[in-house]
Amino acid sequence: MLTIKAVNYDSDGKVTEMQLSSDVVVTAEQAIAMCRKGMLPAYMISHRGDTEFLKLRNNVINVTPISELTAI
């Protein structure tokens with residue numbers, strides 16, 4: 001099962017990219033599309049105004065920024 005391992009944020013604090021447990025990096029839009037197709041079953045799509053985002057089904061997402069992973 002794919003999960004989100006790390007994220008990148010823009011200067012406004014919006015998630016722009018997500019690194020999956022397979023180490024593939026996708027855009028936030030691609031991750032939402034993957035969730036719609038059932039490829040990220042641990043997550044659901046939530047809405048805040050007109051903005052869609054992913055939320056862990058049973059918890060809050062708590063992930064490391066991608067830059068911290070690549071520095072290791």
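# Strand pairing, helix packing and core

Strands β2 and β3 pair in the antiparallel sense, with three bridges between them. This is a predicted model, and the description below follows its strands first, then the helix and the core. Within the β2–β3 pair, Met18 has Val26 of β3 as its bridge partner. The two strands form a hairpin with four residues between them. In that turn, Asp23 has a positive phi of about 75°.

Asp23 is also tied to β2 through a side chain. Gln19 lies in strand β2, and its side chain makes a polar contact of 3.3 Å with the side chain of Asp23. Is Gln19 buried or exposed? Its relative accessibility is 9%, so Gln19 counts as buried. The cut-off for buried is under 20% relative accessible area.

On the N-terminal side, β2 also takes part in a pairing with β1. Strand β1, residues 4–9, runs antiparallel to β2 and is joined to it by five bridges. One of the residues involved is Ile4, whose bridge partner in β2 is Leu20. β1 and β2 form a hairpin too, with five residues between the strands. Gly13 lies in this turn and has a positive phi of about 85°. Strand β2 is thus paired with β1 and with β3.

A further hairpin is made by β4 and β5. These strands pair in the antiparallel sense over six bridges, and two residues separate them in the hairpin. Gly49 takes a positive phi there, near 65°. Two residue pairs can be followed across the strands: His47 stands opposite Glu52 in β5, and Arg48 stands opposite Thr51 in β5.

Ser46 also belongs to strand β4. Why does Ser46 count as buried? Its relative accessibility is 12%, and the limit is under 20%. Leaving aside residues up to four places away in sequence, Ser46 touches Thr51, Glu52, Phe53 and Lys55. Of these contacts, Thr51 and Glu52 have already appeared, Thr51 opposite Arg48 and Glu52 opposite His47.

The helix comes next. Helix α1 spans residues 28–36, and its buried residues are Ala28, Ala31, Ile32, Met34 and Cys35. Viewed down the axis of α1, these residues fall within an arc of 160°, so they line one face of the helix. Which exposed residues does the face turned away from the buried side carry? They are Glu29 and Arg36. The buried residues of α1 pack against four strands: β2 (15–20), β3 (25–27), β4 (43–48) and β5 (51–56). After α1 comes Gly38, which has a positive phi near 85°.

The nonpolar core brings the helix and strands together. The largest nonpolar core has 14 residues. Those touching the most other members are Ile4, Met18, Leu40, Tyr43 and Leu54. The elements that contribute two or more residues to this core are β1, β2 and α1, and α1 gives the most, with five residues. Two of the residues with the most contacts in the core were met earlier in the strand pairings: Ile4 is bridged to Leu20, and Met18 is bridged to Val26.

Conventions: Residues are numbered from 1 along each chain as its sequence is written. This is a predicted model: local features need pLDDT of at least 70, side-chain atom pairs count only at pLDDT 80 or more; totals for chains, interfaces and linings use all residues. Side-chain values use heavy atoms; hydrogens and water are left out. Buried means under 20% relative accessible area, exposed over 50%, partly exposed in between (1.4 Å probe, protein chains only). The arc is that of the directions from the helix axis to the C-beta atoms. Contact means heavy atoms within 4.5 Å. A polar contact is a pair of N or O atoms within 3.5 Å; within protein, one must be able to donate a hydrogen and the other to accept it, and residues adjacent in sequence count only if both atoms are side-chain atoms. Two strands pair if DSSP finds at least two bridges between them. A nonpolar core is a set of buried Ala, Val, Leu, Ile, Met, Phe, Trp, Tyr and Cys residues joined through side-chain atoms within 4.5 Å.
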